[in-house]
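Here's a quick tour of some local features worth pulling up in your viewer. Have the sequence and the structure side by side as you read.

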Amino acid sequence: MFRIIRKVLTALLLTVIVVISIVPFAWVLFSSFKTNSEILSGTLGFPSGFHFSNYVTAFGLAPLVTFYKNSILIAIAGTVLNLIVCSMAAYVVVRCTFKLKGVVMLLFSMGLIIPGAALLQPLYTILNATHLYNTRTGLILVYTALGLPTTFYVMMSYIKTIPYTLEEAAYIDGSGFLRTFVQIVLPLTRPAFATAGVIQFLLCWNEFQLALTLTGETGKRTLPIALYYFKSAFASDYGAMFAATVVVVIPSIITFILLQKQVISGLAAGSVKG
Amino acid sequence: MTKNKKWIVLFLLPGILLFSFVFLGPIGVLFGTSFTNWSIGKEISFVGLKNFKYLFTEDQTFVDGLKNTIVWILLQATFHVLIGTTVAIVLAKKKWYSSAIRTIYFIPNVISSAALGMLFLCVMNPQYGLVNSFITKITGEGFTQNWFMDPKSAFFAVTMTWLPYAGLVTILVMAEMSSVSEDVYEAAKIDGASSFQTDIYVVLPLMKNIIGTSVVLAATSMLQKLDIIMMTTNGGPGSRTMNMPMYLYKTVFTNNNYGLANAQGVLLVILGLIVLKSIRKMFHMDAKE
């Protein structure tokens with residue numbers, strides 16, 4: 001008896017979480033192909049046909065192409081820069097001994113405890129003062145630093161697992177510090193690059209509050225802000241709102257499904273130091 | 001070694017510079033200006049603790065936001081983690097659907113929270129939203145609850161946009177569970193424990209650290225929830241769904257009162273530290289392995 005109740009409860013729990021995770025997305029996806037009158041009648045079913053007009057309207061109402069370009073540029077640059085900076089720092093911290101090592105590690109882990117929202121106004125002021133407000137460069141630098149603690153930690157724990165003998169052999173053969181790092185260490189660290197890179201990419205792609213506060217004009221903004229435009233200015237055009245949501249969400253979902261292993265191991269590694 | 005010193009500095013410098021630019025500098029500005037009267041176009045002047053005193057004694061919206069934030073932290077640290085852990089334990093019994101469900105459950109966590117906010121704004125729309133259409137369909141009567149705008153349901157509606165979506169907790173706990181040795185299950189079985197008993201009395205205690213980490217992550221995420229609130233209620237109706245980040249944002253960009261905003265930022269950082277410290281204490285996480 002007890003076993004049956006447990007089985008039923010298990011099935012119920014799993015059904016509920018699958019429904020709440022999938023149904024809202026599926027409904028928005030289907031609705032994005034419906035006509036406005038179909039949407040307003042509150043029908044639950046499939047669209048009567050694939051109407052792409054909502055997408056056309058969405059791209060017409062907001063400069064989604066510009067947002068897309070900015071998002072891609074900022075996410076890629078923010079990820080590459082983050083990986084370079086962090087792999088260098090992590091390598092030195094793991095392999096070298098120097099006096100301020102503890103301070104450096106403490107400093108980077110501090111980044112995890114500070115709620116981003118607390119820094120909204122100071123960042124805004126500092127970016128204004130350095131003429132980086134409302135520039136893509138500004139956002140790239142901020143995102144690079146934002147993911148620094150996590151990437152640094154992932155890199156550090158991975159480099160620790162690489163045997164030192166390879167580097168030692170390279171040094172004996174007369175290879176310098178930089179060359180050993182680039183030719184021996186970096187190729188071995190590829191899995192960590194993949195793991196940390198995916199997490200960092202998603203962070204840049206999805207970030208909203210800093211993108212909103214640190215940029216001022218449409219030409220410099222990223223995709224999540226597009227949704228804010230729709231919410232505040234075109235809230236009556238439901239079909240376009242659905243289409244815009246789909247357009248923003250799809251890349252994140254595809255990235256996750258294709259690189260699931262990296263996302264999961266990155267999250268597991270990146271959160272444990274918390 | 002002296003030659004290496006040059007490289008150590010060169011390799012660390014970019015990271016430290018960036019970190020200073022985005023964290024250390026702003027933290028300095030944050031704490032420094034929280035004791036000042038500073039708003040747009042006005043001379044900045046030192047006022048001591050006046051901002052803090054004002055927030056707690058005269059600013060009802062701030063107090064409401066603080067209360068809501070604390071309630072959300074408590075809900076997230078308990079129910080959210082409980083849901084995620086339960087799902088992890090269920091999915092850890094490797095069935096054909098386990099990894100598929102894990103993937104599906106995690107999807108709401110990988111998309112932009114702004115998009116999630118938009119999604120719920122549509123799903124809970126009073127006229128054409130999925131929730132109301134569904135209720136209308138099964139009851140046969142018109143149902144037009146305005147979830148996000150009705151003071152009675154707004155807090156609940158906002159909470160539902162994050163409370164049940166514990167995919168991250170599930171993934172973290174499952175990753176930790178996969179490192180539990182088969183011997184442990186074997187031993188429990190030999191001692192006559194049912195699989196339910198094994199989960200509760202043997203496996204769960206082994207998960208203490210990762211659950212503690214999940215509680216920290218879940219609780220502190222509530223100090224950052226600006227995007228979903230902005231997309232759905234803007235803190236309203238009244239200050240029913242106001243939280244600290246939302247009010248801070250309004251203080252900066254609507255009221256342009258920078259000194260007051262940074263005092264709130266300082267309180268946000270302090271609240272974060274209190275939350276972190278107390279959870280670590282509760283889970284005895286300070287004892288390093």
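## Odd backbone spots

Start in the loop between α6 (120-129) and α7 (136-146) of chain A, where you'll find His131(A). Bear in mind that this is a predicted model. His131(A) isn't a glycine, yet its phi is positive, at about 60°. Asn134(A) lies in the loop between α6 and α7 of chain A too, and its phi is also positive, near 60°, again in a residue other than glycine. Why point these out? Most residues other than glycine have a negative phi.

Are these two buried or exposed? His131(A) has a relative accessible area of 69%, so it counts as exposed. Asn134(A) has a relative accessible area of 13%, which is under the 20% cut-off, so it counts as buried.

Chain B has its own backbone oddity: the peptide bond joining Gly236(B) and Pro237(B) is cis, with omega at about -10°. Pro237(B) belongs to the loop between α12 (227-232) and α13 (244-253) of chain B. For context, most peptide bonds are trans.

## Chain B in outline

Chain B has 14 helices and two strands. Lay its C-alpha atoms along the principal axes and they fill a box of roughly 80 × 75 × 35 Å. Of the 289 residues in this chain, 53% are buried.

For a feel of the distances, take Ile83(B) in helix α3 of chain B. Its C-alpha atom is separated by 42 Å from that of Lys50(B), and the two residues are 33 apart along the chain. Ile83(B) has 25% relative accessibility, so it counts as partly exposed.

## Two salt bridges

How many salt bridges does the structure hold over all chains? Just two. One pairs Glu167(A) with Arg95(A), with the closest N and O atoms 2.8 Å apart. This pair ties together distant parts of the chain: Glu167(A) sits in helix α9 (residues 165-172) of chain A and Arg95(A) in helix α4 (residues 64-95) of chain A, 72 residues apart. Glu167(A) is buried at 2% relative accessibility, while Arg95(A), at 22%, is partly exposed.

In chain B, the side chains of Lys93(B) and Asp199(B) meet in a salt bridge, 2.8 Å from N to O. Here too the pair links distant parts of the chain, 106 residues apart: Lys93(B) is in the loop between α3 and α4 (98-110) of chain B, and Asp199(B) is in helix α10 of chain B. Lys93(B) is partly exposed, with a relative accessible area of 33%, whereas Asp199(B) is buried at 7%.

## The second largest pocket

Asp199(B) turns up again at the second largest pocket, which holds about 900 Å³ of space. The pocket has 27 lining residues, and those closest to its centre are Arg6(A), Thr10(A), Val90(B), Phe196(B) and Asp199(B). The elements giving two or more residues to the lining are α1 (2-31) of chain A, plus α3 (60-92) and α10 (195-206) of chain B.

Which element gives the most to this lining? It's α1(A), with 11 residues. By class, the lining has 16 nonpolar, five polar and six charged residues.

## A greasy patch on chain A

Met1(A), Ile5(A), Leu9(A), Leu12(A) and Val16(A) make up a nonpolar surface patch, with about 540 Å² of accessible area together. One of them, Leu9(A), lies in helix α1 of chain A. Leu9(A) has a relative accessible area of 52%, so it counts as exposed.

Definitions and conventions. Residues numbered from 1 in each chain as written. Chains lettered and ligands numbered in written order. Predicted model: local features only at pLDDT ≥ 70, side-chain atom pairs only at ≥ 80, totals over all residues. Heavy atoms only, no water. 1 Å grid on protein atoms, 1.4 Å probe; cavity = no way out; pocket = protein on both sides within 12 Å on 5 of 7 lines; lining within 4 Å. Points joined across faces, edges and corners; volume = space filled by probe spheres on them. Helix = DSSP H or I, 4+ residues; strand = E, 2+ residues; numbered from the N terminus. Nonpolar A, V, L, I, M, F, W, Y, C, P; charged D, E, K, R; others polar. Patch = residues over 30% accessible without salt bridge, like charges linked within 9 Å, V, L, I, M, F, W, Y side chains within 5 Å. Areas by Shrake-Rupley, 256 points an atom, 1.4 Å probe, with all protein chains shown as cover. Salt bridge = Lys/Arg side-chain N within 4 Å of Asp/Glu carboxyl O. Buried < 20%, exposed > 50% of the residue type's maximum accessible area, 1.4 Å probe, protein only.
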